[in-house]
Amino acid sequence: MSTTTAPPKKDTYSPLELFGIDRLLGEDERDIAATVRKFVDTRLRPNVEDWFESATLPRELAKEFGDLGVLGMHLQGYGCAGTNAVSYGLACLELEAGDSGFRSFVSVQGSLSMFSIYRYGSEEHKSEWLPRLAAGDAIGCFGLTEPDFGSNPAGMRTRARRDGSDWVLNGTKMWITNGNLADVATVWAQTDDGIAGFLVPTNTPGFAANAIHKKLSLRASVTSELVLDNVRLPASAQLPLAEGLGAPLSCLNEARFGIVFGSLGAARDSLETTIAYTQAREVFDRPLSSYQLTQEKLANMTVELGKGMLLAIHLGRMKDAEGVRPEQISLGKLNNVREALAIARECRTLLGGSGITLEYSPLRHANNLESVLTYEGTSEMHLLSIGKALTGQAAFR
Ligand code: TGC
Ligand code: FAD
């Protein structure tokens, strides 16, 4: 017979408390989550409605994220915190409980810009850029997608050609997070030897970033088009260890992993907001929370949130131990973003008319999650990755 004790009985539990999720986390992991949560609650949450409405993400947040220690936090050395994968995931979750735009900033800086330099850069690249990026003194972006090649980056048209020992880059990248804020862009381009990566300081002549406006999603995030018009770079700008499409795709695994956790932050915040609302709101002379139809919705959402969390922690533990396959990350990204979006939308129904303003977070989260469903591989791409793992047949083309 087990001698372990059940948690003490309480009148009410928060959704993740009911799942006993904290029991799966170490003390350091819980501390990191609590620190990021406090920063979100004090610094970001009071401003997010205004930033979302005015479609801004203040540049000074980069330094504040650097001071918080979340930029490239899962990398070792160069001013990075060197945490485990689960801690990084929990930080993403807490940030995305504030807004997907905050997690996006941190994902792109740490998992795409910094990781591409960390994994594929020369020692000079690493010492020049990583400490500044970790501190938030510099901002990075990652240009893979093009106007005609999003899901299929293998077809990219951006071209890097040799001119003496220099490289000359021409092309357009589309939907690039942090593009207008960035000091350095990791740009992927076709060469005579296949796809290669380049570090492009954004003050290089011929480089331009054009902000994309009128977004209905991820408004507290900067999204840009990058134009490269005869951008001349020294030979040393090439990421020496990046050979072929596998290099940028391996960076995506890092960012996708953050989304496995992050998306659940948006879901948790939607659900907690909604539980509180239904307890305060009276309909037909009783609290909305007291009706069976309401409780069915709340219970179903809690089950999906908790299942997603178990999956995220499982993938994180595997990543920290023996490593995790890209197809396994696809399982997590597909499920958790899909369920988070369903939860945010369902929460909106319980808020009634109040749910359509920025005063309550669920519709803002749902709008953001529409982007999260699309970027870092659309849900269809992840279905096909899982399909390929199950059948051995690639059905992408
Ligand atoms: P395929 O032939 O399957 O693969 C080419 C080479 O790459 C390898 N590979 C991977 N390596 C590491 N990680 C992965 N996830 C990998 N997937 C494939 C593969 O083994 C192969 O290596 P080798 O040595 O045999 O050459 O390539 P494919 O052209 O058939 O494409 C496969 C597909 C469709 C899965 C891939 O193109 C894909 O993932 N498409 C989706 C593109 C995408 O996710 N773009 C995201 C852009 S960045 C972004 O959205 C940032 S948003 C950030 C934010 O704001 O938070
Ligand atoms: P498409 O590839 O044109 O897809 C359109 C539809 O067709 C989708 O439903 C897709 O699943 C479906 N489809 C495509 N191929 C197939 C197929 N073979 N079978 C069945 N269905 C298919 N990219 C970067 O490089 N860096 C960034 O920082 C970045 N940030 C982003 C931020 C935001 C807010 C957004 C919205 C996007 C960002 N992206 C970024 C781009 C993102 O990765 C792409 O939008 C995404 O990969 C999809 O590409 P696409 O938009 O061209 O859609």
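The following exercises with worked solutions examine charged residues in this structure.

The model is predicted: local features need pLDDT of at least 70, side-chain atom pairs count only at pLDDT 80 or more, and totals for chains, interfaces and linings use all residues. Residues are numbered from 1 along each chain as its sequence is written, chains are lettered from A and ligands numbered from 1 in the order in which they are written, and side-chain values use heavy atoms, with hydrogens and water left out.

**Exercise 1.** Determine how many salt bridges the model contains.

*Solution.* Step 1: apply the criterion, a side-chain nitrogen of Lys or Arg within 4 Å of a carboxyl oxygen of Asp or Glu. Step 2: count the pairs; the result is 23 salt bridges. In general, side chains of opposite charge can pair when their charged atoms come close.

**Exercise 2.** Locate the salt bridge of Arg37 and state which parts of the chain the pair links.

*Solution.* Step 1: the partner is Glu272, with the closest N and O atoms 3.5 Å apart. Step 2: Arg37 lies in helix H2 and Glu272 in helix H7 (residues 246-280), so that distant parts of the chain, 235 residues apart, are linked; helices here are DSSP runs (H or I, at least four residues), and strands likewise (E, at least two), numbered from the N terminus. Step 3: Arg37 counts as partly exposed because its relative accessibility is 33%, and Glu272 does so at 27%; buried means under 20% relative accessible area, exposed over 50%, and partly exposed in between (1.4 Å probe, protein chains only). Step 4: salt bridges with shared partners join Arg37, Glu94, Arg268 and Glu272 into one network.

**Exercise 3.** Establish whether Glu146 and Lys173, which form a salt bridge, are buried or exposed.

*Solution.* Step 1: the closest N and O atoms of Glu146 and Lys173 are 2.9 Å apart. Step 2: Glu146 lies in the loop between strand S3 (140-143) and strand S4 (159-163), and Lys173 in strand S5, so the pair ties together parts 27 residues apart in sequence. Step 3: both Glu146 and Lys173 are buried.

**Exercise 4.** Place Asp50 within the chain and classify its accessibility.

*Solution.* Step 1: Asp50 belongs to helix H2 (residues 27-54). Step 2: Asp50 counts as exposed because its relative accessibility is 51%.
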